[in-house]
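Please work through the following exercises with the sequence and the model open beside you. Each task is followed by a solution that goes step by step.

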Amino acid sequence: MDNNTYFKSTGKNQLTPITSTWMHQFMGNSELVEELVEKYGSPINVHHIPSFHKNIMEYQEVFENFEVNGQIYFARKANKSQILVKSAIEFGIGVDTASYRELEQAISLGGTNDNVVLTAAIKNEALMRLAIQNQIPIIIDNLDELQLANKVAGDLNQKATIGLRISGFQVGKQKLYSRFGFDIEQDVYNLKVWFSDSSTFKNLQLTGFHFHLDGYSIEERGEATIQSLTIVQQFRQMGHHIEFLDIGGGILMNYLESKAEWVTFQNNLKDAVLGKGEAITFNNNGLGFSLNDKYQLQGDLKTYPYYNEVNGAKFLSEVLSYKNENGQTVAELIKEANIQMRIEPGRSLLNQVGLTLGTVAHRKRDAKGNWLVGLEMNMSQLKSSSADFLLDPFVIYRSETEENESAEVYFTGAYCLEQDVLLKRKLVFPRLPSRGDYVAFVNTAGYMMHFYETEAHLFELSQNLYINREAENLEVEHIHNDSNLIREKETVDMKEN
Ligand SMILES: Cc1ncc(COP(=O)(O)O)c(C=O)c1O
């Protein structure tokens, strides 16, 4: 085997990730990787901004094809990098912010009331004030928030622009429960009373409605849009200028190349849990499957649905094509209502945008004979909200070695927890990684790298880097440090003042 080469894990349970040319150019450039790790430590997160732009354009094209007035708000919670906020604004889309610092940064990176929205689940007075002073639309979740926004706007002698978050849509025979928003059955009556005169909330200007649904159902999004449009019409009849309907995020993305691999993996996982096949996960973790007291299989796979044929732009097209009982599509209804349809994708706008790379610190065999490969990173830096991140990683081999037989390994992290096993799946590589080799986890920009990242043991947070160009012949100066963005801006501001 050549030196300086990189390999994906393989074997009969492989789950081949979809990758982009930039990722291969990056992983194939081990000198560059070495320089970056020397400069920034391990792990690093690398972002490719042209891929972010491509994803934006795909959604814009869908809106154009359906001739729908649509706008995208990047749900910034999915990734902490400032460059994505700056780029979103430069590429002409908006930013959905969910906290004081997210809002403050979005404003300082060029966001305005035209392209920023505040959807934070918890809003204190300071956050309301920041939004209102900057005329940023606030998505209101409950009565206390209505009262607070009204008070803060009054104190500031301004009007607050608001949208109302609604939930509890009826789909089939089921009501979609959510802890968020005003319930469309129980609360809309009160909302109508409060907004029927201009005195109850005299400092609020209602301009839109919003929902965000858990899960990834096209039908639920279609139904919720149709039911929201009825409410929009009712509030318009009361004299409100409703300009937008924001249908939130949750657009599915596809991580995997092969349906066959996805199916095989799940079958083998079930067999392993049943004891009919060898364990394919650490300690035979069922990732949601387990045995009941009759030793029968129970449960479901509790991971993100990593393989999806209908994803991204196609998913949005299907929501727009969803028909009401009269056969009218969501796109037709949106046009007829002459309203802007907003979406807030987080994960799916980050498709193919990032990778996370860690350095191999040690190898050891545990008492069961498993190879455990310790990486200089921890479980919070590659953490899915679901039971596992089911994409094959790559090893970038640096060292020459005589060993040349395949090795089954688990990657472990730096937290003092037995559970800090970075991926639960057993992985197979052409040879055992050595100290100083690198492991690259691809497509981690959406939630994986940041959402659960913690500083336990006082470990530094990972460094976020970005590439603003195509990735051939990359050199270290083409890779920028995200944390310099605000610093650079502060320097410019200081010079200007
Ligand atoms: C209000 C709101 N909008 C948008 C999103 C983004 O969702 P996704 O990343 O699944 O597109 C979320 C995610 O939790 C959300 O809560």
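**Exercise 1.** Which phi does G41 take just after α2?

Solution. The model is a predicted one, in which local features need pLDDT of at least 70, side-chain atom pairs count only at pLDDT 80 or more, and totals for chains, interfaces and linings use all residues. Residues are numbered from 1 along each chain as its sequence is written, and side-chain values use heavy atoms, with hydrogens and water left out. Helices (H or I, at least four residues) and strands (E, at least two) are DSSP runs, numbered from the N terminus. Just after α2, G41 has a positive phi of about 80°. A little further on, the peptide bond that leads from S42 to P43 is cis, with omega near 0°, and P43 itself is placed in the loop between α2 and β2 (44-48). As background, most peptide bonds are trans.

**Exercise 2.** Determine which residues of α2 are buried and how they are arranged around the axis.

Solution. First apply the cut-offs: buried means under 20% relative accessible area, exposed over 50%, and partly exposed in between, with a 1.4 Å probe and protein chains only. In α2 (residues 30-40), the buried residues are S30, L32, V33, L36, V37 and Y40. They lie on the same side of α2, because they cover an arc of only 150° around the axis, where the arc is that of the directions from the helix axis to the C-beta atoms. An α-helix has 3.6 residues a turn, so residues three or four places apart point the same way. Finally, look at the face turned away from the buried side of α2, where the exposed residues E31, E38 and K39 are found.

**Exercise 3.** Describe the start, the buried residues and the end of α6.

Solution. At the start of α6, a side-chain oxygen of N124 comes to within 3.3 Å of the backbone nitrogen of A126. Along α6 (residues 125-133), the buried residues are L127, M128, L130, A131 and I132, and their cover includes α5 (100-108), β5 (116-118), β6 (138-140), α7 (143-155) and β7 (160-167). After α6 comes Q135, which has a positive phi near 60°.

**Exercise 4.** Find the loops that hold N283 and N338, and decide whether each residue is buried or exposed.

Solution. N283 belongs to the loop between α10 (259-274) and β13 (290-291), where this residue, although not a glycine, has a positive phi of about 55°. With a relative accessible area of 52%, N283 is exposed. N338 is located in the loop between α12 (330-337) and β15 (340-343); N338 is not a glycine either, yet has a positive phi of about 50°. At 66% relative accessibility, N338 counts as exposed.

**Exercise 5.** Locate the residues around the ligand, and then the polar atoms that approach its oxygen atoms.

Solution. Taking residues with a heavy atom within 4 Å of the ligand, one finds A75, K77, D96, R165, H212, G249, G250, E344, P345, G346, R347 and Y447. A polar backbone atom of G346 is 2.9 Å from an oxygen atom of the ligand, and for a backbone N or O atom of R347 the distance to a ligand oxygen is 2.9 Å. A polar side-chain atom of Y447 lies 2.5 Å from an oxygen atom of the ligand. Of the 400 Å² of accessible area that the ligand has on its own, the protein covers 85%, the areas coming from the Shrake-Rupley method with a 1.4 Å probe.

Key: Contact means heavy atoms within 4.5 Å. A polar contact is a pair of N or O atoms within 3.5 Å; within protein, one must be able to donate a hydrogen and the other to accept it, and residues adjacent in sequence count only if both atoms are side-chain atoms.
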